[in-house]
Every structure is written in structure tokens, then in C-alpha cells.
Amino acid sequence: MTRAAVPGLPSRYPIGELLPALYADDDLAQRFTAGLDTVLAPVLSTLDNLPAYVDPALAPADFLPWLASWVGVEADPGWPVELRRAVVARAVELHRWRGTRRGLVERLRLVCGVHAEVRDGGGATWSAEPGAALPPPPTGELLVRVWPVRADAAVDARRVLEVATAACPVHLTCRVEVLPGPPVPPEAPDAPDAPDAPEQTGG
């Protein structure tokens, strides 16, 4: 949208009405200032609505990249505008959890519409007894298992991998498994038959 050229946009503060009474009936003065009103109306309208320009839910779509740069996120122009608004609106909250399982799970839910389970190859343990066994050595892999929020929704494995890789530490490889539904805990009683082998991607 070109805010500098809005046809017929009236000025809330016509200059002609602010002139001394001597010029109130002066046709030349009124026509001259009316031309200035046309130029200034978009500027004044923008200033009157300035809070809306910095609100992700209300800002014009072409302002979203500018707002995204303020909060340090990249909103893909190919995403629906409502998704870009949501990413910008939640940026500060997600920055608090960046680099954690929770942060990645929440970002995948927001951007890709999936639930996720994140497993890394590191390990930690504790024991009250001296000489306890150490955790296994790290595998060097970050495994992200995802499944759709809605049963009828498709999962874009490429986008999931892009989001997960962006959050993955550089010393780890990232692998994505797409599941048809929530994984069944191994210890769950009466577990149904295992689903088909999940789709896997890696990067």
C-alpha cells in the first residue's frame, strides 16, 4: 500500500480553518492551503494511527518485515500474513527459550503447525553413590519427531527441517521423523501395533 497517495483522504486538521479570520473568506488562500492538506493528510493520518503501526496484529502487511527486524526474527514472505503476524508477536517470548527443547517445540508448533518431541544425543545423570556409571557418550545428532496438530493436516517435512536446523547447535546434525500421530511410550500397557516406519529427513 502506498500511504503517500490515498485518493480523497481528508485532513483532520485543515490548514484553512487555522488561518486568521482575515483569510477565512479568501478564495486563493483557501484553495492554496487545500492543496497542502492533500499532501499532509497521509502524514497526519499515519501519525494519528502510529500505535497501530507497531502492533503486529494491526500493522500494514508491508510493515511486518520492519517490525520483525526490531525483534530479531525472520518472517518468510511466503508465509500467510497471519502467520507472519504471530511470529513477530511471539518473538520476544520465543527468544527467552531459544536453544532449548521448549523453544524449538513452541516454534515448530507456531510455524509448522506440528507437535514435536526433541531428543538430543547428550546425557546427564547423578548419583548419591561414588563411582556411578557415566551417561553414554553423545551421538552428535538432534532427533526431532513431529506429528500434525490436527489428524487431517499434512506435515511439511522440508519446513520442519529448516526450522529445526536453524535452532540446532552447529556441532550437531539434525534429523526429522514425521509420525502419523503421537508416539506411544514404550512402557504404556496395551500399546497398539507400531505405526508404519516414519518419514525421515536429515540435514
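Is W66 buried, partly exposed or exposed? I will start there, and I should say at once that what we are looking at is a predicted model. W66 has a relative accessible area of 37%, so this residue counts as partly exposed, and I would like to come back to its neighbours after a brief overview of the fold.

The protein has seven helices and four strands, and if you follow the chain from the N terminus, the elements run α-α-α-α-α-α-β-β-α-β-β. Of the 203 residues, 28% are buried. If we take the contacts between residues that are at least 6 apart in sequence, 56% of them join residues at least 24 apart.

Now to the aromatic residues, where the count comes to three aromatic pairs. In one of them, Y53 and F63, the ring centres lie 4.9 Å apart and the planes meet at 65 degrees, so that this pair is edge-to-face, the cut-off for that label being over 60 degrees. Y53 belongs to helix α2, residues 50-53, whereas F63 lies in the loop between α2 and α3, 10 residues apart from Y53, and the pair thereby links distant parts of the chain. As for their surroundings, Y53 has a relative accessibility of 11% and therefore counts as buried, while F63, with a relative accessible area of 21%, is partly exposed.

F63 also pairs with W66, which brings us back to the opening residue: this pair is edge-to-face as well, at 5.4 Å from centre to centre and with 75 degrees between the planes. Taken together, ring pairs link Y53, F63, W66 and W70 into a cluster.

Elsewhere in the chain there is another arrangement that involves a ring, since the charged end of R102 sits over the ring of W97, at 3.9 Å from the centre of that ring.

Let me finish with the largest pocket, which has a volume of about 770 Å³. Its lining consists of 29 residues, and the closest to the pocket centre are R98, R107, V163, A166 and A167. Which elements each supply at least two residues of this lining? They are α5 (91-96), α6 (101-112), β1 (114-120) and α7 (157-167), and the largest share, six residues, comes from α7. In chemical character, the residues of the lining divide into 15 nonpolar, five polar and nine charged.

Methods:
Residues numbered from 1 in each chain as written. Predicted model: local features only at pLDDT ≥ 70, side-chain atom pairs only at ≥ 80, totals over all residues. Heavy atoms only, no water. 1 Å grid on protein atoms, 1.4 Å probe; cavity = no way out; pocket = protein on both sides within 12 Å on 5 of 7 lines; lining within 4 Å. Points joined across faces, edges and corners; volume = space filled by probe spheres on them. Nonpolar A, V, L, I, M, F, W, Y, C, P; charged D, E, K, R; others polar. Phe/Tyr/Trp six-rings, centres within 6.5 Å; stacked < 30°, edge-to-face > 60°. Buried < 20%, exposed > 50% of the residue type's maximum accessible area, 1.4 Å probe, protein only. Lys NZ or Arg CZ within 6 Å of the ring centre and 35° of its normal. Contact = heavy atoms within 4.5 Å.
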